[in-house]
Structures are given as structure tokens and as C-alpha cells.
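Biologist: Could you take me through one part of this model closely? I would like a connected account, with the cut-offs spelled out.

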Amino acid sequence: MFRLVNVDGRAALEHDGSWFDLATVSGDDTLADPMVAVARHQELHDLAGRLGAAVPGGAMAGITLGAPVPRPRQVFGIGLNYAEHAGESGQPVPTVPLTFTKFPSCIVGPTADVPVTGPMVDWEVEVVAVIGSAASHVAVADGWNYVAGLMLGQDVSDRAVQLSDTPPQFSLGKSFTAFGPTGPALVSLDAFADTDNVGLWCDVNGERMQDGRTNDLIFSVPQLVAYLSSICTLYPGDLVFTGTPSGVGLARGQFLAVGDELVSGGEGLGELRNRLVEGPGPLTF
Ligand code: ZN
């Protein structure tokens with residue numbers, strides 16, 4: 001198993017509280033690029049197994065990590081993929097995965113500051129499936145075979161932008177710069193007891209807002225890979241934000257403000273810690 005992290009833009013493996021530069025431990029400079037590392041994820045298991053004898057690049061404590069997958073070609077978001085969240089949103093349970101995009105320019109690391117772009121900026125903790133190999137017309141039963149691993153993601157959403165106008169178009173309201181904190185590590189699937197049952201939660205200023213498990217997903221990861229790949233060709237490094245459990249701000253009538261601390265956690269995945277900062281809103285006409 002491996003935990004792939006991004007240290008100063010270079011791919012590294014996390015092991016025993018330290019990070020190991022991937023190009024250095026492999027002797028292969030092309031593996032310095034996190035996107036190459038994701039596409040060659042099968043080799044990372046072996047390399048991770050040899051880290052006990054390697055010299056670490058440094059300690060994990062105190063370093064600022066980048067996004068494990070910093071330049072995805074495509075980022076899919078799935079709406080209303082937990083029944084309770086569909087209910088709190090006043091929407092019926094979907095019959096196909098409700099799919100939007102977070103434009104890849106919103107993707108940032110696990111501790112990036114998030115801008116408050118308006119009065120309705122909201123949290124959505126999610127498990128993100130990272131595509132590991134090109135996928136087209138994949139069968140549901142083979143879905144996991146196309147996934148390199150899992151990480152946490154925050155599908156930060158400016159509800160005013162997301163739901164503006166008729167019909168609403170979700171993608172821009174979810175794509176302000178830094179609206180996609182991810183990480184802290186891309187964790188290989190063999191690190192999980194059950195890849196279809198991963199706990200995830202979200203705290204705002206220390207108060208638990210969301211607490212769910214991926215076994216409650218309406219459309220599972222393999223179903224999402226199969227469905228998306230029946231329409232789009234998926235590429236290594238593509239991200240699938242699999243949906244958020246109930247407890248978002250929109251349902252509570254509570255939104256994020258400057259100075260808030262957003263902490264998102266996942267079983268075996270680690271934590272995202274994001275501070276809310278002042279940020280410009282969208283142009284209005
Ligand atoms: Zn979402």
C-alpha cells in the first residue's frame with residue numbers, strides 16, 4: 001500500500017511520519033511529477049515497500065503539502081449521492097448520477113485558504129476517487145480496477161452562484177479558485193478494510209456538521225466509474241468527487257465566514273484543514 005503526497009510540487013511517498021522523494025527512491029526522474037506517479041500507481045506499491053531502507057526527505061510534521069493530484073484533466077462532481085442529503089436539499093433521490101464539473105483550476109492542497117466569495121459559501125466533505133488508468137465503457141464489476149486510490153476533497157460551493165438563474169448551472173459556483181482542497185494523501189485501495197465503506201466527517205469551528213459513510217452512497221464508486229466512462233473517456237489523474245453526506249450549510253441556514261476553520265476528515269485518509277479568508281465575489285451584470 002502507499003500514501004502519495006505532493007511536497008513542493010514533487011511526488012513523494014509518506015511512510016512512518018516521514019516523506020520520501022519518489023524520484024530519489026526510484027532513481028527515475030520522471031516520477032517526480034505527481035501526475036506521472038498517479039498514472040504509474042501500480043509501481044508505487046513496490047517502492048513503498050522498500051522505504052524502510054531509504055533515506056527520508058524529511059518529516060511530515062510541519063510541512064505544507066500540495067494537492068496529491070495537482071493537474072487533473074477532468075474533475076467530476078456528483079450531486080445528491082446520499083439519500084439523506086437529497087432529502088435535506090428538498091430533491092428526489094436521483095435515478096442517474098447528477099454530474100457537474102469542478103473546473104480543475106479550483107484544485108488546491110489540503111491546507112489551502114478558501115475565499116469567502118459571498119454570503120452563501122458552503123462545505124461538502126467528500127471521498128474523491130482518483131482514476132488510475134484510462135477507462136471507457138467499463139463494467140460496474142470492473143470499476144475499482146480503474147481507480148488508483150482515494151483521498152479527501154472539499155467540494156466548496158457558493159450556493160448563490162451555484163443556484164443562480166434557471167436552469168441552475170452548478171459548475172462555476174463550485175469552481176472559484178481554491179474551492180477544491182484535496183489530500184492530504186492519495187491512499188491506495190489496499191489500505192482500506194472496505195473501499196465501499198469509508199467514514200467521512202466535517203467540522204466547522206470545532207462543531208461536527210457532517211458525519212457519513214460511503215456505504216450510504218446511492219451510486220457507488222464502481223457505478224460512477226462505469227457510468228461516467230460510458231459517456232466520457234476517463235484518464236489517469238481524473239478526479240471523481242463522489243458526493244456529500246447530509247449536514248451542509250444550505251440545509252442548516254448557516255454558511256462559512258471569514259476566519260472560520262473548516263476541518264474535513266476521513267477514515268484512513270487524514271484531514272483537510274482550511275481557513276476561510278476574504279475573497280472577491282463574481283462579476284455581476
Ligand atoms: Zn459535492
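Modeller: Happy to; let's begin with Glu-126, which is buried, with a relative accessible area of 0%. Buried here means under 20% relative accessible area, with exposed over 50% and partly exposed in between (1.4 Å probe, protein chains only). A word on the basis: this is a predicted model, where local features need pLDDT of at least 70, side-chain atom pairs count only at pLDDT 80 or more, and totals for chains, interfaces and linings use all residues. Residues are numbered from 1 along each chain as its sequence is written, and side-chain values use heavy atoms, leaving out hydrogens and water.

Glu-126 (OE) is one of the protein donors of the zinc ion, together with Glu-124 (OE) and Asp-155 (OD), and these lie 1.9 to 2.1 Å from the ion. Donors are N, O and S atoms within 2.8 Å of the metal (3.2 Å for Na, K and Ca); water is not among the atoms, so sites may look incomplete. Along the chain, the donors follow the spacing E-x1-E-x28-D. Glu-126 belongs to strand S11 (residues 125-131), whereas Asp-155 sits in the loop between strand S12 (147-154) and strand S13 (157-158), so this pair ties together parts that are 29 residues apart in sequence. Strands (E, at least two residues) are DSSP runs, numbered from the N terminus. Like its partner, Asp-155 is buried: its relative accessible area is 0%.

Definitions and conventions:
Helices (H or I, at least four residues) and strands (E, at least two) are DSSP runs, numbered from the N terminus.
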